[in-house]
Amino acid sequence: MIVEYIRYRIDRADADAFEAAYARAAASLDAAPQCVDYELSRCVDEPEWFVLRIAWTSADDHLKGFRQGEHFPSFFAEIKPYVRQIEEMRHYERTSVRGAGGSVPTMHAWAGGTEAFERLTEVFYAKVLDDELIGPLFAHMDPGHPRYVAMWLAEVFGGPDRYTRERGGYSHMLSQHLGKGITEPQRRRWVSLLMDAADEVDLPSDPEFRAAFAGYVEWGTRLAVANSRPGANPPRQAPVPRWGWGVAPPYTG
C-alpha cells in the first residue's frame, strides 16, 4: 500500500465549493478498486490549507490503474479547477512506526485484562471436556492448555505478546490445528460453548465488545477448520493477529 498526500492552498471564499467538488469526486474513489481509503482535512490554524490523503493499493495502481482507468475522467472533471492550487503532491510508504493511541481502550483492557481471558478459558475448557462432540478432540489436552489459549486471546485483543515470546506465536498455534480434520459441526459447537462461557464469566456484554469478539471467534475458527483439512498448506510464518473494535468503537455514554 502507498499513501498519497496532496496539499492545497484554497482561498477562503472558494473553500465551500472546493469541499463540494471533492465530495462529488469521492464517488469515483469509492468505485475505484485501486483506492483503499481517503480523507480530506482542513487546517484549523490556517483554514486556507487543505490536505487530501489517499491510500492506494500501490503507486502503479494509482498512476496506471486509476489514472488510465474508467473512473479518472469523472474524478478529474470535478477537481480540475483546483489543480493550480496544489502546493505538494507526493507518494509515501508507510513505516512500522504506527499505533492506535490511547483514546480508545484495547479490547484486552475493556475485557478486564488477561485475568478475564483466563477465567473464560478455564470455564470454557471444562465445558469442552464434557461435550460429546468436541470433547474427544481434547481428550489428551495439556493441563496448561486453557492458560495458553488465554495468553493467545490476550495478545490477539491488544494485550501483552506473551504467546509470541513464550509459546512460539502463530506458527505454534497453527501446528495445533494441522491435520486435525475439524468439522463444521465441531466448529459451531466450539463457538457456542465459548459464547456460553463468556456469559458465565461476565465478559463485557455491550454490543460493541461482543460483536467484535464474535467477529474474531468466527474468523479464527473458520480459519482453523480450513487449516485442519487434509492437504492444507497454509503459510507457516505470520504474526499473531491483532483484533480491534472494527466499525463500532466501545460505547462510553
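This is a short talk on a sheet, a helix pair and two loop residues in one structure.

Okay, hi everyone. One caveat up front: this is a predicted model, so keep that in mind as we go.

Let's start with the sheet. What order do the strands come in? It runs β2-β3-β1-β4, four strands in an open sheet, and the pairing is antiparallel. At the edges you find β2, residues 35-42, and β4, residues 86-93. Each of those has a single partner strand, so one side of each is left without a neighbour in the sheet. As for the twist, the average is 15° from one strand to the next. And as a reminder, strands of a sheet pair through backbone hydrogen bonds, either parallel or antiparallel.

Now zoom in on one pairing. Strand β1, residues 2-9, goes with strand β3, residues 49-56, in the antiparallel sense, and there are eight bridges between them. If you want a spot to click on, take Glu 4: its bridge partner in β3 is Ile 54.

While we're around here, have a look at Val 83. You'll find Val 83 in the loop between α3, which is 72-79, and β4. Its relative accessibility is 33%, so Val 83 counts as partly exposed. Val 83 and Tyr 8 are 75 residues apart in sequence, yet in space their C-alphas are 8.4 Å apart.

Right, on to the helices. How do α5 and α9 pack? Helix α5, residues 114-129, meets helix α9, residues 184-200, at an angle of about 135°, and the axes are 9 Å apart. That angle is why we call α5 oblique to α9. The crossing of α5 past α9 is right-handed.

So who makes the contact? From α5 we have Leu 120, Val 123, Phe 124, Tyr 125, Lys 127 and Val 128. From α9 it's Trp 190, Leu 193, Leu 194, Asp 196, Ala 197, Ala 198 and Glu 200. Sort the residues of that contact by character and you get ten nonpolar, three charged and no polar.

Last stop, just along the chain. Asp 202 sits in the loop between α9 and α10, the latter being 207-228. Is Asp 202 buried or exposed? With 63% relative accessibility, Asp 202 counts as exposed, because the cut-off for exposed is over 50%. What caught my eye is the backbone: Asp 202 isn't a glycine, but it has a positive phi of about 60°.

That's my tour. Happy to pull any of it up on the screen.

Key: Residues numbered from 1 in each chain as written. Predicted model: local features only at pLDDT ≥ 70, side-chain atom pairs only at ≥ 80, totals over all residues. Heavy atoms only, no water. Axes fitted to C-alpha atoms, helices over the stretch in contact; angles between N-to-C directions. Helix = DSSP H or I, 4+ residues; strand = E, 2+ residues; numbered from the N terminus. Parallel < 35°, antiparallel > 145°, perpendicular 65-115°, else oblique. Left-handed = near helix turned anticlockwise from the far one by under 90°. Contact = heavy atoms within 4.5 Å. Nonpolar A, V, L, I, M, F, W, Y, C, P; charged D, E, K, R; others polar. Buried < 20%, exposed > 50% of the residue type's maximum accessible area, 1.4 Å probe, protein only. Pairing = 2+ DSSP bridges.
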